[in-house]
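Dear colleague,

Please find below the structure that I am handing over to you. I would ask you to look through it first and then to read the notes that follow.

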Amino acid sequence: MLKFWSNCKLGVKMQAAFALVMLLFVAALVGVIVVVEKVSATHEYQATILLPAQMAAANARALFRTADDDGSYYVMDADPKAGQGRLATYRADIVALTAQIAKVTALAHNDDQRKALADYNTFMDGPNGYLQGNEQGFAQKAAGHTALAEKAFIASSPEPPGNALTRYIDSITADVTAENAEISKLVAFSKMLAIGTGFVALILGFAIASLFSRSLSRSVGGTTLAMSNIVSEDIAALTLI
């Protein structure tokens, strides 16, 4: 291979060297483009799926806590008129919460999140669930049994449905963390690719320059020797004259 390279003309060597360097940079460019596309796809996935789902679930959890607070205010409020306003607010909160949960459900994208929502619906709407327990407390309140109303409302714990929503949010947070880690890896790979390409190009340039200098030295040496022989012959011929 080295013999073949040595026998090649200087122009051919330069063209081959240039083609090799260009091939290297094209390969690096393709790699960078692939990385950029993957990073862009990951950002789009976060922007269209993960972050909206995270925000929707956080809003649902906030609405749930607000509804629970308004329900407790109604049960504990001694003023009947003010209490009715609290109850109306609670029911409006539940309507808004139901609509928000529908959005959360539409954005669920893995089995863990779907399981968390199924548990939420069971704890919230199922037999002896949170809503049913609250309504029992409200019925006692309306009948004038404040102590029984408070007992029934407290027994209807908000923790199970609230924890289910938290599990949903934790699942999304884990997905976001994983996607961010993937982006970091891709960016690091892109940087290493650029550094590696530059380093290899530098080594190739140094190697090609060394080969060129050797080739040029040989060519110049051969030319010098040929010229020396011609001059010697000319001098010898002049001497004979």
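What is the length of the polar contact that joins the side chains of N110 and D175? In this predicted model, that polar contact is 3.2 Å. A further polar contact, of 3.3 Å, links the side chain of N110 with that of S171. Once residues up to four places away in sequence are set aside, the residues that N110 touches are S171 and D175.

As for its position in the chain, N110 sits in the loop between α3 (80–107) and α4 (111–125). Is N110 buried or exposed? Its relative accessible area is 17%, and because buried means under 20%, N110 counts as buried.

The other finding concerns a pocket. The second largest pocket has a volume of about 160 Å³. It is lined by 13 residues, of which N128, G129, G133, A155 and S156 are the closest to its centre. Three helices, α5 (130–142), α6 (146–155) and α7 (159–240), are the elements that each give two or more residues to this lining.

Which element provides the largest share of the lining of the second largest pocket? That element is α5, with four residues. By residue type, the lining of the second largest pocket holds six nonpolar and seven polar residues, and no charged ones.

When you open the model, you may wish to begin with N110 and its polar contacts to S171 and D175, and then turn to the second largest pocket and the residues from α5 in its lining.

Yours sincerely,
A colleague

Definitions and conventions:
Residues are numbered from 1 along each chain as its sequence is written. This is a predicted model: local features need pLDDT of at least 70, side-chain atom pairs count only at pLDDT 80 or more; totals for chains, interfaces and linings use all residues. Side-chain values use heavy atoms; hydrogens and water are left out. Buried means under 20% relative accessible area, exposed over 50%, partly exposed in between (1.4 Å probe, protein chains only). A polar contact is a pair of N or O atoms within 3.5 Å; within protein, one must be able to donate a hydrogen and the other to accept it, and residues adjacent in sequence count only if both atoms are side-chain atoms. Contact means heavy atoms within 4.5 Å. On a 1 Å grid over the protein atoms alone, a cavity is a set of points where a 1.4 Å probe fits but cannot get out, and a pocket is an open set with protein on both sides within 12 Å along at least five of seven lines; lining residues have an atom within 4 Å of a point. Grid points are joined across faces, edges and corners, and a volume is the space filled by probe spheres set on the points. Ala, Val, Leu, Ile, Met, Phe, Trp, Tyr, Cys and Pro count as nonpolar, Asp, Glu, Lys and Arg as charged, and the others, Gly among them, as polar.
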